Amino acid sequence: MLGLMQERPLMISDLIEFAAVNHPDEEIVSRTVEGPIHRYTYKECAARSRQLAKALDKLGVQQGDCMGTMAWNGYRHVEIYYGVSGLGAICHTINPRLFPEQIIYILNHAEDKYIFTDLTFVPLFDKLAEHLPKVKGYIIMADEEHMPETSLSNVICYESLMATADDDYQWPTFDERTASSLCYTSGTTGNPKGVSYSHRSTVLHSYAVCTPDGLGLSNAETILPVVPMFHVNAWGIPYASAMCGAKMVMPGPQMDGKSLYELMESEGVTISAGVPTIWMMLLAYMKENDKTFSSMQRTVIGGAAAPRAMIETFEKEYGVNVIHAWGMTEMSPIGTACNLKKKHDNLSPDEKIDLSLKQGRAVYGVDMKIVGPDGKKLPWDGKAFGNLMVRGPWITSGYFKGEGGDILDEEGFFDTGDVATIDADGYMQITDRSKDVIKSGGEWISSIDVENEAVGCSGVAEAAVIAVPHPKWDERPLLLAVKEEGSAVTKEDIIEHLKGSIAKWQLPDDVVFVDELPHTATGKILKTKLRSEYGEYKLPTV
Ligand code: ADP
């Protein structure tokens, strides 16, 4: 017998309409590309999202069409999220930090009909357009007054397009499994692959973000997503904020320490979210300028492992609670968040930080398992490590257009490519990406562990550890380090520091100082590049 509950499909358009009705005067504040701060309410955002959907409909955009965006975090981008998905088309966010060849590949693969672009990226499209024959037009996210010089043909001004419609638009209702947005993985190896989210997966993921064991977002919070809207939908924050009516503060193109700090202070930001490299810049600015936070209470760190030194600085110096979180493009992205349990109340501050180094517990909806090389499940004892696999309603079942073929195991789990332990309380800790672990004499050395300890050494700004071939041990770790400005830190200082926390056989065989480390388009250290540059490096131990 079936239950008698109403079968209302989960629609993205309902998120923004809910915010408009229940939080009509809550604000979305944006630093614009043009310069000034823009502020308006959820009610106005919903009205403009409807207006955009109606205008796109008039332009001939159909359900199922892919609409590209290349834009910073800002209010027009939020309207595109809702307007495009709401009408049944697919909002395809493109990461401008990818190589031009990758951008061309992605745009042609997705067959984007139109591209929304911020002023910043118009010169890029001037160069790329000849390789994008399927694009019908470029919608420039500005008003007439700010329209730029461009060689692009079929250019549409966003605000003029808006003016072709009013906001009296009825959102269509359709199958909640319909594709709503599309985001390509950064493709450090091979071509980028598309991950296609649905209305259902997006709404369910938003619930998870709002739960206290997720990111605990609510109307009590003012959130500043530093994580870009072109990177896994800014970790779902623009949707979850509408679901709970949290004030949203969008940083636009300015993500340097000073700009972020000023915006956090002037808008009363209570929670933020971003990758470690962003926090490195913010913390450096605060230290140099002797600043403190007046409203910030929590920050979410994800995308790469949060080093202990960073968590300590946030917690101890600035009183900001760090939520270490893990996920990936294929997971919408939230998989785990490191919130403590009540049994941890009596832990000392240092013991709490020990726990925060783990990537945390699965949010409801995410099933995890770790498996050995034979595919057999490993115990949750905090020691056994294996390939981390996941399944759930906001985890991909396959890549866009079938790229990569069948990617799930017989139980429906997706292999994350991460190696992890899980303890008896369910706290997962990433030991490494499976391709980055250093296999030394049959033992595995976690590059993340060594890197995290190395950046705790005074004078080290950033560190990367890669495997270098070794005749006796197969592979040994090489540490590449960037010095803090003006620092005279030496190889011996770093090794001495590491000896305090890392087993002798895990110590790097050598340290090389470099001016900077290469990063991927999503802010992770580009290890493939380092491996190709230093793969032949001659270790002193050889
Ligand atoms: P995102 O960077 O938003 O998490 P990506 O799909 O670009 O999404 O990258 C996912 C990968 O990033 C994960 O498989 C994992 O290797 C790494 N990652 C994400 N969060 C963490 C974290 N907190 N600690 C360590 N690695 C992480």
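How many nonpolar, polar and charged residues are in the lining of the second largest cavity? The count is two nonpolar, six polar and no charged residues. This is a predicted model. The briefing covers its cavities, one pocket and the surroundings of the ligand. Rolling a probe the size of a water molecule over the atoms shows where empty space is left.

**Cavities: the overall count**

- The structure holds three cavities of 30 Å³ or more.
- The largest cavity contains about 120 Å³ of space.
- The second largest cavity has a volume of about 50 Å³.

**The largest cavity**

- Its lining is made of 14 residues.
- Thr-32, Val-33, Gly-74, Tyr-75 and Asp-118 lie nearest the centre of this cavity.
- Two elements, β1 (27–31) and α3 (75–87), give two or more residues to the lining of the largest cavity.
- Helix α3 gives the most, with three residues.
- By class, the lining of the largest cavity has four nonpolar, six polar and four charged residues.

**The second largest cavity**

- Residues that line this cavity include Tyr-197, Ser-201, Thr-202 and His-205.
- Asn-233, Gly-236, Tyr-239 and Ser-332 also belong to the lining of the second largest cavity.
- Helix α7, residues 199–210, gives the most to this lining, with three residues.
- Charged residues are absent from the lining of the second largest cavity, whereas the lining of the largest cavity has four.

**The second largest pocket**

- The second largest pocket has a volume of about 470 Å³.
- Its lining has 28 residues, and Gln-429, Ile-430, Thr-431, Ser-446 and Asp-449 are the closest to the centre of the pocket.
- Three elements give two or more residues each to this lining: β20 (428–433), β22 (443–445) and α14 (447–454).
- Which element gives the most to the lining of the second largest pocket? That is α14, with four residues.
- The lining of the second largest pocket divides into 13 nonpolar, nine polar and six charged residues.
- Two domains take part in the lining of this pocket: domain 2 (366–433) and domain 3 (438–534) each supply at least three residues.

**The ligand: its shell**

- There are 17 residues around the ligand.
- Those that come nearest are Ala-325, Thr-329, Asp-418, Arg-433 and Lys-524.
- Both α8 (232–235) and β14 (321–327) supply at least two residues of the shell around the ligand.
- Strand β14 gives the most to this shell, with four residues.
- By class, the shell around the ligand has seven nonpolar, seven polar and three charged residues.

**The ligand: polar contacts and burial**

- Where does Thr-329 meet the ligand? A polar side-chain atom of Thr-329 lies 2.7 Å from an oxygen atom of the ligand.
- Gly-327 uses its backbone: a polar backbone atom is 2.8 Å from an oxygen atom of the ligand.
- Trp-235 uses its side chain: an N or O atom there is 3.1 Å from an oxygen atom of the ligand.
- Taken alone, the ligand exposes 540 Å². The protein buries 94% of that area.

How values were computed:
Residues are numbered from 1 along each chain as its sequence is written. This is a predicted model: local features need pLDDT of at least 70, side-chain atom pairs count only at pLDDT 80 or more; totals for chains, interfaces and linings use all residues. Side-chain values use heavy atoms; hydrogens and water are left out. On a 1 Å grid over the protein atoms alone, a cavity is a set of points where a 1.4 Å probe fits but cannot get out, and a pocket is an open set with protein on both sides within 12 Å along at least five of seven lines; lining residues have an atom within 4 Å of a point. Grid points are joined across faces, edges and corners, and a volume is the space filled by probe spheres set on the points. Ala, Val, Leu, Ile, Met, Phe, Trp, Tyr, Cys and Pro count as nonpolar, Asp, Glu, Lys and Arg as charged, and the others, Gly among them, as polar. Domain bounds come from an automatic or database domain assignment. A residue is near a molecule or strand if one of its heavy atoms lies within 4 Å of it. A polar contact is a pair of N or O atoms within 3.5 Å; within protein, one must be able to donate a hydrogen and the other to accept it, and residues adjacent in sequence count only if both atoms are side-chain atoms. Accessible areas come from the Shrake-Rupley method with a 1.4 Å probe; for residues, only the protein chains shown count as cover.
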